[in-house]
Each structure stands twice: as structure tokens, then as C-alpha cells.
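Let's take a friendly walk through this structure, beginning with its charged side chains and then turning to its sheet and helices.

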Amino acid sequence: SKVRSKNSKPEMTVRRLVYALGYRYRLHDSTLPGTPDLAFRKRKKVIFVHGCFWHKHPGCSKARLPESRLEFWKEKMERNAERDRLIGSQLDRLGWKYLIVWQCQLKDLEYITREIRAFLDEL
């Protein structure tokens, strides 16, 4: 219950970075599938900031399952991953492009800055 779905530390880091790059966005646009963290309506692009644990980031050490209640966590993480895939396909059908920024990627701000700029400037 203490885990934030909005305004988390990783999300705030990405928001500050994107704003500093000069891009303006809508927050948590509920008219789009998945209520993306940042929506760039004129560009038809969205950014999701995902926690590695909650969204089962492949190959990330933070995405490992807890040792207790293993069955519960397995099901929960699978549902989260399935929902993420569904949201991605819904956005594709609507003609929107999306970028997922993983929590662990924020350790290298230069890299993520280049990725976000390339994504937003792409035609």
C-alpha cells in the first residue's frame, strides 16, 4: 500500500529530465490505455516509467521474486506483464508510440536522456 503508482521517485526523475529538455507533456492521461505517466499528444507518443520489480524487467536483478508466498507473487507479476503487453498493443492500434523507461536505467542519466530525446524527436 505504500508503493506509489503516481509521482514515484523514478517518475519524478524522468519528468524533470524531459522538462529540462524542453518537452511539455500531460500527466497520467486517463483517456489513453494504461494511463501513461507522460503523454505527448501532438506527437502521439507516451512514456511509461516502470519499476523493475513490479513490471518484471527481464534480466534485471531487481525483478527477482520474493521467497515467501511464491505462488501469489508469480501470478501477480505475470498479470502485470500481460497487462503491459495488452496496453502496448492497444496503443499500437490507436497509432501511438510508447517508450518504457525502467527504474534501473535511471542510474545512467546520459543514456536515458539520449534515448528519450531520440524517441521524442523521431518522426
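A residue counts as buried when its relative accessible area is under 20%, as exposed when it is over 50%, and as partly exposed in between (1.4 Å probe, protein chains only). By that yardstick Glu82 is partly exposed, at 43% relative accessibility.

Before going further, please note that this is a predicted model, in which local features need pLDDT of at least 70 and side-chain atom pairs count only at pLDDT 80 or more, while totals for chains, interfaces and linings use all residues. Residues are numbered from 1 along each chain as its sequence is written, and side-chain values use heavy atoms, with hydrogens and water left out.

**Salt bridges**

Searching the whole structure turns up 5 salt bridges, each being a side-chain nitrogen of Lys or Arg within 4 Å of a carboxyl oxygen of Asp or Glu. The table shows some of them.

| Acidic residue | Basic residue | N to O distance |
|---|---|---|
| Glu122 | Lys45 | 3.8 Å |
| Glu78 | Lys56 | 2.1 Å |
| Glu82 | Arg85 | 2.9 Å |

Helices (H or I, at least four residues) and strands (E, at least two) are DSSP runs, numbered from the N terminus. The salt bridge between Glu122 and Lys45 ties together parts that are 77 residues apart in sequence, because Glu122 lies in the segment after helix 3 (109-121) and Lys45 in strand 3 (residues 45-50). Lys45 is buried at 3% relative accessibility, whereas Glu122 is partly exposed at 41%.

Glu78 and Lys56 also join through a salt bridge. This pair links distant parts of the chain, 22 residues apart: Glu78 sits in helix 2 (residues 70-94) and Lys56 in the loop between strand 3 and helix 2. Both partners are partly exposed, Glu78 at 40% and Lys56 at 34%.

Glu82 and Arg85 are 3 residues apart in helix 2, so about one helical turn separates them. Arg85 is partly exposed, at 48% relative accessibility.

**The sheet and its helices**

An open sheet is built from 4 strands in the order 1-2-3-4, with mixed pairing; two strands pair if DSSP finds at least two bridges between them. Strand 1 (26-27) and strand 4 (97-102) are the edge strands, each pairing on one side only. Strands 3 and 4 run parallel and are joined by 6 bridges. Ile47 stands opposite Leu99 of strand 4.

Helix 2 lies across strand 3 and strand 4, at about 170° to strand 3. Helix 3 packs on the sheet as well, touching strand 2 (38-40), strand 3 and strand 4, and its direction makes about 175° with that of strand 4. Here contact means heavy atoms within 4.5 Å. Axes are lines fitted to C-alpha atoms, for helices over the stretch in contact, and angles run from 0 to 180 degrees between N-to-C directions.
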